[in-house]
Amino acid sequence: MDERTLEYARRQLQDLRDPALMDTIHDEKEGDGEMEVLKKCPFCGGTAIFKVRRSGSAHHDTCIGFAIGCKECGVEIPKTYEVKVTLTAEGEIQLTVDGREAAIAEWNRRDGR
């Protein structure tokens with residue numbers, strides 16, 4: 001993947017790095033194929049955010065590893081989840097791996113549920 005294409009893919013994934021844009025995910029409702037709302041921190045009641053732990057690219061894919069954590073107290077889920085994208089032959093950005101729903105489910109689980 002050339003540098004120009006890689007930069008385009010990175011810009012398309014910028015929402016995972018920008019908490020202000022990620023707030024739109026917090027506001028989406030479950031159902032309709034939309035993501036579940038992130039619950040408040042179970043320890044301090046603070047706002048949960050996506051935290052980028054790593055990013056990189058391989059031959060065809062760009063990958064962002066992330067966790068969900070509290071903006072106020074800093075507690076995070078221990079597992080790193082991934083979002084991967086690739087550029088199709090038609091020039092479209094295609095999501096190939098999307099760990100956001102699994103991460104949200106882990107963060108939202110309370111009392112062993």
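The legends below describe close-up views of a predicted model.

**View 1. The four-stranded sheet and its edges.** In this predicted model, 4 strands make up an open sheet in the order β1-β2-β3-β4, with antiparallel pairing. Strands β1 (48-57) and β4 (93-98) each have a single partner strand and stand at the edges, so one side of each is left without a neighbour in the sheet. From one strand to the next, the twist averages 25°. Helix α3 (residues 100-108) packs on the sheet, where it touches β1, β2, β3 and β4, and its direction makes about 15° with that of β2.

**View 2. Strand β3 and its two pairings.** Strand β2 (residues 61-70) pairs with strand β3 (residues 81-87) in the antiparallel sense over 6 bridges, and Thr62 stands opposite Val85 in β3. The antiparallel pairing of β3 with β4 runs over 5 bridges, and here Val85 stands opposite Leu95 in β4. The hairpin of β3 and β4 has 5 residues between the strands, and in this hairpin Gly91 takes a positive phi near 90°.

**View 3. An aromatic cluster of Phe50, Phe66 and Tyr81, linked by ring pairs.** A search of the whole structure finds 2 aromatic pairs. One of them joins Phe50 and Phe66 in a tilted arrangement, 5.5 Å centre to centre with 50° between the planes; because Phe50 lies in strand β1 and Phe66 in strand β2, this pair ties together parts that are 16 residues apart in sequence. Phe50 and Phe66 are both buried. The ring centres of Phe66 and Tyr81 are 6.3 Å apart and their planes stand at 35°, so this pair is tilted, and it links Phe66 in strand β2 to Tyr81 in strand β3, 15 residues apart. The relative accessible area is 1% for the buried Phe66 and 9% for Tyr81, which is buried.

Methods. Residues are numbered from 1 along each chain as its sequence is written. This is a predicted model: local features need pLDDT of at least 70, side-chain atom pairs count only at pLDDT 80 or more; totals for chains, interfaces and linings use all residues. Side-chain values use heavy atoms; hydrogens and water are left out. Two strands pair if DSSP finds at least two bridges between them. Axes are lines fitted to C-alpha atoms, for helices over the stretch in contact, and angles run from 0 to 180 degrees between N-to-C directions. Contact means heavy atoms within 4.5 Å. Rings of Phe, Tyr and Trp (its six-membered ring) pair if their centres lie within 6.5 Å; planes under 30 degrees apart count as stacked, over 60 as edge-to-face and the rest as tilted. Buried means under 20% relative accessible area, exposed over 50%, partly exposed in between (1.4 Å probe, protein chains only).
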